[in-house]
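Colleague: Hello! Could you walk me through this structure at an easy pace?

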2 protein chains.
Amino acid sequence: MATIRVPEVVPSPAEDCEKLMKAFEGLGTDEKAIIRVLGQRNASQRKKIKETFQQIYDKSLIDCLDSELSGDFGRAVILWAYDPPERDARLVNKALKSRKKNITELQVLVEIACASSPQHLAAVRQAYCVLFECSLEEDIISNVSLPVQKVLVSLVSSYRYDKEAVDSIIANTEAVILHDAIRAKNLEDDDLVWILSTRNIFQLRATFQCYKDNYRKSIDEDIRACGKGILESILKVVVWCTDFPERHFAEVVRASIVGLGTDEDSLTRAIVTRAEIDMMKVRGEYFNANKSSLDNAVIGDTSGDYKDFLMTLLGAKI
Amino acid sequence: MATIRVPEVVPSPAEDCEKLMKAFEGLGTDEKAIIRVLGQRNASQRKKIKETFQQIYDKSLIDCLDSELSGDFGRAVILWAYDPPERDARLVNKALKSRKKNITELQVLVEIACASSPQHLAAVRQAYCVLFECSLEEDIISNVSLPVQKVLVSLVSSYRYDKEAVDSIIANTEAVILHDAIRAKNLEDDDLVWILSTRNIFQLRATFQCYKDNYRKSIDEDIRACGKGILESILKVVVWCTDFPERHFAEVVRASIVGLGTDEDSLTRAIVTRAEIDMMKVRGEYFNANKSSLDNAVIGDTSGDYKDFLMTLLGAKI
């Protein structure tokens with residue numbers, strides 16, 4: 001359930017390109033026109049616009065956006081303009097190359113490994129090789145230390161079965177394996193890592209349910225009771241992204257807004273990456289968790305073209 | 001360097017389908033006609049023939065081949081008729097479900113992980129999910145025991161960088177890591193497994209060369225000196241498939257033919273899977289290793305339509 005609004009009659013890619021070029025020309029840039037065009041087109045429409053732009057003007061649309069726009073607004077529009085696999089490969093690379101490498105950064109790897117389709121994950125790995133001249137796994141190994149490294153390599157290497165196939169015996173058996181590992185605070189246990197990174201998400205949801213039924217606490221509560229390190233945080237995100245991705249992304253939005261200042265990069269990432277997937281559900285989950293509206297939170301913490309762009313992705317009329 | 005001979009003027013898929021249907025009709029089957037058509041078309045041409053056959057006759061070409069042909073000949077033609085990712089997913093599944101699970105069976109997983117492109121490997125994993133309703137990794141875990149399981153899961157999960165990017169410092173450092181693990185007979189060492197399953201093949205070749213320069217023995221010799229178990233055999237195939245795949249496939253052909261009786265499944269697999277990739281080099285390598293011709297070996301150990309079909313894939317005129 002996407003939030004973006006694609007008009008009923010979509011202009012041709014050539015018409016859209018013409019509007020964009022007009023918005024770039026002259027002294028100022030017409031940011032509103034850019035938002036109106038790109039903010040209301042889905043991924044395959046944006047791809048065609050980029051190809052057509054290159055053909056007509058012999059220029060890269062991304063380069064033009066980069067030279068015309070700036071700040072959080074520019075970064076958000078450019079992120080939105082990339083093909084999703086390239087966008088996610090760039091997000092992952094930025095996280096791996098960041099100095100901090102805390103959970104706010106590294107969780108993007110879990111999002112792509114656990115809250116995307118296996119086809120998309122494979123496409124991200126392919127895009128990563130093309131853009132950065134090494135495999136994603138190699139960059140995880142050289143930039144993240146053990147034991148988080150082991151978990152992340154295993155997660156991004158998965159190609160899960162993507163249809164509903166649940167075996168209740170496996171759910172029961174593997175709930176026990178997970179519980180034993182967590183009780184022993186052995187969160188880098190081979191079996192735990194393999195279960196979380198090879199089982200299909202429907203199976204994992206059933207396993208997590210068994211866990212809760214058998215042990216009266218949810219698996220993420222038990223993981224958090226192990227400690228407050230980065231490994232515990234990563235595994236909690238694995239469980240949330242698998243079990244209930246909209247809850248995870250509602251939490252990313254909340255965390256990006258709470259307190260003094262705003263973490264615009266996280267806010268942008270959550271909205272740009274989910275606007276075409278499950279943003280409607282994220283909005284509902286945000287309301288349930290915070291008793292306030294996600295849209296009002298975004299309006300309250302952002303301004304100008306950046307606000308207008310995010311609100312357009314959230315379905316506001318412009 | 002493929003060995004198959006595609007005619008200069010290729011008939012349309014509809015013409016090919018007509019010839020195939022004619023070969024199926026009547027009392028007997030015209031095997032030679034089937035060999036002439038399918039044995040001289042590349043993978044994308046065969047794909048179009050299958051699609052066109054389905055459209056014209058509302059029947060699956062594979063099903064027709066299955067009901068018309070039998071024995072080693074039938075199995076070879078059907079294997080050749082599948083799209084390569086589906087073919088390899090089926091080969092891998094057969095290996096995992098076989099009772100024996102010795103090196104002759106399990107090496108097919110290494111071939112697909114180390115002697116194919118990363119795109120092909122991802123396509124095989126996707127096809128595996130579609131055909132067998134679970135991920136390839138799940139089936140490895142439930143059918144192969146540790147430590148071979150760990151190595152195979154890691155290898156099939158790779159998405160290596162596929163261009164030439166070699167870092168001589170990495171080659172030196174990782175030759176030492178590999179040597180230390182092998183010297184300690186710790187062939188399931190995490191670092192060893194990660195190096196073999198994440199580094200690009202050009203980097204690995206440089207690392208293996210460093211290994212030989214520094215320690216005067218090749219890495220595969222040292223691996224074999226560790227023991228004669230299945231893990232040693234698997235790792236030797238990893239090294240060969242990475243370093244010199246044509247040497248591996250020449251050896252598969254030799255082993256399938258040597259001694260009493262022929263291992264037709266292995267012979268078929270080697271020729272069917274490499275006829276469009278590097279069979280010309282495999283032939284050269286076979287000659288270097290055995291001082292006799294691969295073609296003569298195939299002719300000597302096979303007969304009838306099966307022989308004619310394999311020889312057609314090896315470029316013989318029919």
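## A guided look

Modeller: Gladly, and we can start at one spot: Asp58(A) sits in the loop between α3 (43–57) and α4 (61–68) of chain A. Helices here (H or I, at least four residues) are DSSP runs numbered from the N terminus, as are strands (E, at least two). This is a predicted model, in which local features need pLDDT of at least 70 and side-chain atom pairs count only at pLDDT 80 or more, while totals for chains, interfaces and linings use all residues. Residues are numbered from 1 along each chain as its sequence is written, chains are lettered from A and ligands numbered from 1 in the order in which they are written, and side-chain values use heavy atoms, leaving out hydrogens and water.

Colleague: What is the phi of Asp58(A)?

Modeller: Most residues other than glycine have a negative phi. Asp58(A) is not a glycine, yet its phi is positive, at about 55°.

Colleague: Is Asp58(A) buried or exposed?

Modeller: Buried means under 20% relative accessible area, exposed over 50%, and partly exposed in between (1.4 Å probe, protein chains only). With a relative accessibility of 64%, Asp58(A) counts as exposed.

Colleague: Which residue of chain B, other than glycine, has a positive phi near 55°?

Modeller: Look in the loop between α11 (168–183) and α12 (190–198) of chain B. The residue there is exposed, with a relative accessible area of 54%. Its phi is near 55°, and its name is Lys185(B).

Colleague: Which residue does a cis peptide bond join to Leu146(A)?

Modeller: Most peptide bonds are trans. Here omega is about 0°. The partner lies in the loop between α9 (136–143) and α10 of chain A, and the residue joined to Leu146(A) is Pro147(A).

Colleague: How many salt bridges does the structure hold?

Modeller: Side chains of opposite charge can pair when their charged atoms come close. A salt bridge is a side-chain nitrogen of Lys or Arg within 4 Å of a carboxyl oxygen of Asp or Glu. Over all chains, the number is 48.

Colleague: Which residue meets Lys150(A) in a salt bridge?

Modeller: The N to O distance is 2.5 Å. The pair links distant parts of the chain, 40 residues apart, with Lys150(A) in helix α10 (residues 148–156) and its partner in helix α12 (residues 190–198) of chain A. Lys150(A) is buried at 16% relative accessible area, whereas the partner is partly exposed at 39%, and that partner is Asp190(A).

Colleague: Why are Arg90(B) and Glu86(B) separated by about one helical turn?

Modeller: These two form a salt bridge, with their closest N and O atoms 2.8 Å apart. Both belong to helix α6 (residues 84–97) of chain B, and the turn's separation arises because they are 4 residues apart.

Colleague: What is the relative accessible area of Glu137(B)?

Modeller: Glu137(B) and Arg125(B) meet in a salt bridge (2.9 Å, N to O). Arg125(B) is buried, at 2%. Glu137(B) is also buried, and its value is 1%.

Colleague: By what turn can chain A be laid on chain B?

Modeller: Copies are superposed by least squares on the C-alpha atoms of residues with pLDDT of at least 70 in both. The RMSD is 0.0 Å and the shift along the axis is 0.0 Å, for a turn of 180°. That is the relation of a two-fold axis.

Colleague: Which residue of chain A comes closest to the rotation axis?

Modeller: Its C-alpha lies at 2.5 Å from the axis, and the residue is Ser157(A).
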